[in-house]
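Colleague: Could you take me through this one and say what stands behind each label?

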Amino acid sequence: MKRAVPLALALLAAAIPAAFAVQGAAPIDVIYPDPQPVERIRPILLENTRYVSTNDLARIFRATKYWRPELRKLSLRVGDHNVRFTVDAPIVVVDETAHNLVQSPRLVQGAVYVPEAVLDGLIDWGVVANATWDEPSRTVRFRSPVHTVRQAQLWVRGRVTEVSATLLKTLSPRLIYATPGEVRLLFEGGTLDSARVFSGGAVANGTIQETADGVEIRLVLAPGAQGYSLSVSSNRLRLAVTDDPNLVQQGIFSKLEPIAIGGPDGKLRTIVIDPGHGGKDLGAVLPGGGAEKEATLEFARILRAELQDRLGVRVILTRDNDQDVSVQRRSEIANESNADLFVSVHFDAEGSIRWGGVRVYALSASPAPDASDRLPLALGGEGGAEMHPWESAQTQATGTSMAIGQAITDALAKNYPQTSITFRTGRLSVLEPVAGAAVLLECAPAPRNPEAMSLQGYTIHDIARIVAQSIQELARGGHA
Amino acid sequence: MNRIQRRWGIAIAGSIVVVGGFFWIARVRTHDQNLAPRVVPLASELEGIKGAYLYFGVPGADSLVAEYRDVVVKDRPADQVRAIYRELLAGPSKGHVALFPDGTELLEAYWTDKGTLYLDWNKALTQGFRGGTAREHALIASIVRTAGENLPGVDRVMILVEGEPAETIGGHFDVLSPLSVRDWP
């Protein structure tokens, strides 16, 4: 009897899972376009037929499920299509057309399962247009979107270095800036097959990547670069740079010019610094409980002193105490002062700069969706005044602003290579109406010492000094 | 039949009874499930379950992450929008970052045939916001991407606060005109 009891218990233990198990079938891989990871779904085997769960189908194909228990009908709404299954009936109605199924849908453990052949059917019936089902490899593969910029390559031919790419449709590249240090190009709204990094010849470091604005090519040039040329023909982009001054003199290449941040005479006269937030608007809560509005004012005062010492220019603060200033008024102060440069200062301690760092922003090179309705108004014919809509005044200076932003970013990154320092673009309210060059800095204080505003081993004095030094170099005709 | 054989016989018979009982229970349970499926019975045929991808923040990063959630929706587009954003406002379930200020509610949703989705929020969205560019960017991207991912045909999102266009949510980004889904990846 003593041996019989364990035996009975063992039989019992084996029987419990067997009673509840549903036999699994070979899994199906669902391959989405990058960057989504591959997903694996597990069909089940019922009467020698593979079945997939409608829950999985709904998730994969972004469908909405409708279940009517009294009729035992389950509908999947995929886009404009309606696919209706009935439990235990070997038929499916797609929109208004009925199709036979090899086996009936089944209700198993509370979920509706349909024969695996439905995967093929959804594509055949035109319900799913952006995927394929390959039964031998058991793979559902979603097609990648058709990229408009593809196969970017770098060629070095003697003293000419060329980046070429195939364009799928007629895209007009927009040259953001071309300085002796860097060339930046944007295909607004373009998509890219794959990001690349390249170097060689006159290009010290080049990247082509997708940004929020489209496809961007950025070439950091080797010392001695003289000219550039840009052409698009037969769906082919050719962006070339050279260190041969003769090619520039012959007019084959355009001269690379330093960014000019001063007025028409190249002199920098007025800089407006905007300490973000203030008054009732506290801004972000910084580590240790300090308010962003206090940190921005302190930083702005330090930066003002640095710029006045180095450049001897007029520096105006949009606020010099703890007061409310509207976003619009800040931009107005820049325009009323005829600012050559506007620097808005902010502090944050979230995201990638949670543990210290700086983000530098310029206005997005891509216009706002309805900006085409607000084109500049020319007054007095050719050579006359040009009036720009208030909210898009910055678009005329976007290239200069981006070059300055990139130069400040590079200088900070060079000094603090271990810290998160990035350059970005975006639709920033305070920059949009500013007519001159404009950037926004977002600094992060180190969390352990917010009182001293130390930034991972450096202080805001150091940050202000590097920013002022970058502006000084640009004012002297230094390049980004 | 000796004593040992008798005991074995009792043990085996007992096992058969127990195992058979479990199979019978399992069969009945499956049968019961057929009668009362776990698929949630819905109030009317106009309701369904939409698998929605909701976007939340990632701690220590500037990116967003999608969480899959089953959302009970009605058939009308505006109701679907409200249901999806109600789930988004409910917050993440996997240690991700909730981006909306406390007390934020979606008051109304309008969907034009030109592909612009109007989302009308209460004032808590702007008045309760505390954060820098990263949080504001993530919040706007979460709103726009959730629409782009789950509502085919929506190309742009217009943010309203109590019926009026808002200049900005947190003082950094311009939301006065519609936000293109393409620009907030």
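Modeller: Sure, starting with a definition: helices (H or I, at least four residues) and strands (E, at least two) are DSSP runs, numbered from the N terminus. On that basis chain B reads α-β-β-α-β-β-α-α-β-β-β, with 4 helices and 7 strands. This is a predicted model, where local features need pLDDT of at least 70, side-chain atom pairs count only at pLDDT 80 or more, and totals for chains, interfaces and linings use all residues. Residues are numbered from 1 along each chain as its sequence is written, while chains are lettered from A and ligands numbered from 1 in the order in which they are written.

Colleague: What makes a residue buried?

Modeller: A residue is buried if 20 or more other C-beta atoms lie within 10 Å of its own, exposed if 12 or fewer, and partly exposed in between, with C-beta atoms placed from the backbone. In α3 (residues 117-124) of chain A, A:Val118, A:Leu119, A:Gly121 and A:Leu122 are buried.

Colleague: Why are they said to be on the same side of α3(A)?

Modeller: Because they cover an arc of only 165° around the axis, taken from the directions from the helix axis to the C-beta atoms.

Colleague: Why is α5(A) called oblique to α8(A)?

Modeller: Helix α5 (residues 292-311) and helix α8 (residues 460-475) of chain A pack at about 40°, with their axes 9 Å apart. Angles under 35 degrees count as roughly parallel, over 145 as roughly antiparallel, 65 to 115 as roughly perpendicular and the rest as oblique. So α5(A) is oblique to α8(A).

Notes: Axes are lines fitted to C-alpha atoms, for helices over the stretch in contact, and angles run from 0 to 180 degrees between N-to-C directions.
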